[in-house]
Amino acid sequence: TTDAMGTQVFLDGSMAATDAVTVGLQGYYAKAADNDEEQYVLLGNSFNGWDPIMDVGTSLSNEAIEVFDRPFDFTGDEAGVTGGRLYGKFKLAEGVNAGASIAYLEPEDDKYTTVDDATVFAAGITYDLMANTSLQAQFQYSDFSDSVDDEELTQIGTGLFVKF
């Protein structure tokens, strides 16, 4: 009785400005779902999805710090999205990498939600302790403008990651 649908577009363009700096720009679009439709908006699955809005080069953006695990429905109201993100990845020293990004998102159709827009900032750092072992930290700040109540959310995460 419910149609599965979804028109989503994800564009990503990046370039190495120097040997140590990569800059990029991403664009997001998802059409809002009508009341009799179900929109599929998760990239990956609930265990190991991918969060392109918070991806700054750490493993923490992969839903370890959860906010935007469904970037094409960031409001949670199936209102779609129109937005963009500017990001940079930096090699600070041998075994030390950092990243930062800023994104701006709006609902594609605001009749389904009270959220007007969201501005999101993320920064992270990765330090290789030894082969296959790294210490990682990430900071995320989100500001949701809402016609009912504005909300700000700050999250910090850290982790010791070992690859086998």
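**Close-up 1. F10 and Y28, an aromatic pair in a predicted model.** Let's start with F10, which has 30% relative accessibility and therefore counts as partly exposed. Its ring partner Y28 has a relative accessibility of 3%, so Y28 counts as buried. How far apart are the ring centres of F10 and Y28, and at what angle do the planes stand? The centres are 5.6 Å apart and the planes stand at 40°, which falls between the limits of 30 and 60 degrees, so this pair is tilted. Along the chain the two residues are 18 residues apart, with F10 in strand β2 (residues 8–16) and Y28 in strand β3 (residues 21–30). In this way the pair links distant parts of the chain. The model has a count of two aromatic pairs, and the one shown here is F10 with Y28.

**Close-up 2. The hairpin of β2 and β3.** Here are the strands that carry the two rings of the previous view. Four residues lie between β2 and β3 in this hairpin. The two strands run antiparallel and are joined by nine bridges. If you would like a register mark to follow, take G13, whose bridge partner in β3 is L25.

**Close-up 3. From β3 across to β5.** Y28 comes back in this view, now for its backbone pairing: its bridge partner in β5 is G83. Ten bridges join β3 to β5, and the strands run antiparallel. Just ahead of β5 (81–93), the loop that follows β4 (37–39) holds E78. What is notable about the phi of E78? The angle is near 55°, a positive value in a residue other than glycine. For context, most residues other than glycine have a negative phi.

**Close-up 4. The open sheet of seven strands.** Stepping back a little, you can follow the strands in the order β2-β3-β5-β6-β7-β8-β9, with antiparallel pairing. Which strands stand at the edges of the sheet? They are β2 and β9; each has a single partner strand, so one side of each is left without a neighbour in the sheet. From one strand to the next, the twist averages 10°. As a reminder when tracing the backbone, strands of a sheet pair through backbone hydrogen bonds.

**Close-up 5. β7, β8 and the loop between them.** The antiparallel strands β7 and β8 are joined by 14 bridges. One of the matched positions is T119, with D143 as its bridge partner in β8. Do look at N132 in the loop between the two strands. Its phi is near 65°, which is again a positive value in a residue other than glycine. Is N132 buried or exposed? With a relative accessible area of 53%, N132 lies over the 50% limit and so counts as exposed.

**Close-up 6. The largest pocket and its lining.** This pocket has a volume of about 190 Å³. Its lining is made of 13 residues, and T126, D128, S134, Q136 and K163 lie nearest its centre. Three elements give two or more residues to the lining: β7 (115–130), β8 (133–146) and β9 (151–162). What is the make-up of the lining by class? There are four nonpolar, seven polar and two charged residues. Two of these three elements, β7 and β8, are the strands of the previous view, while β9 is one of the edge strands of the sheet.

Definitions and conventions: Residues numbered from 1 in each chain as written. Predicted model: local features only at pLDDT ≥ 70, side-chain atom pairs only at ≥ 80, totals over all residues. Heavy atoms only, no water. 1 Å grid on protein atoms, 1.4 Å probe; cavity = no way out; pocket = protein on both sides within 12 Å on 5 of 7 lines; lining within 4 Å. Points joined across faces, edges and corners; volume = space filled by probe spheres on them. Nonpolar A, V, L, I, M, F, W, Y, C, P; charged D, E, K, R; others polar. Phe/Tyr/Trp six-rings, centres within 6.5 Å; stacked < 30°, edge-to-face > 60°. Buried < 20%, exposed > 50% of the residue type's maximum accessible area, 1.4 Å probe, protein only. Pairing = 2+ DSSP bridges. Axes fitted to C-alpha atoms, helices over the stretch in contact; angles between N-to-C directions.
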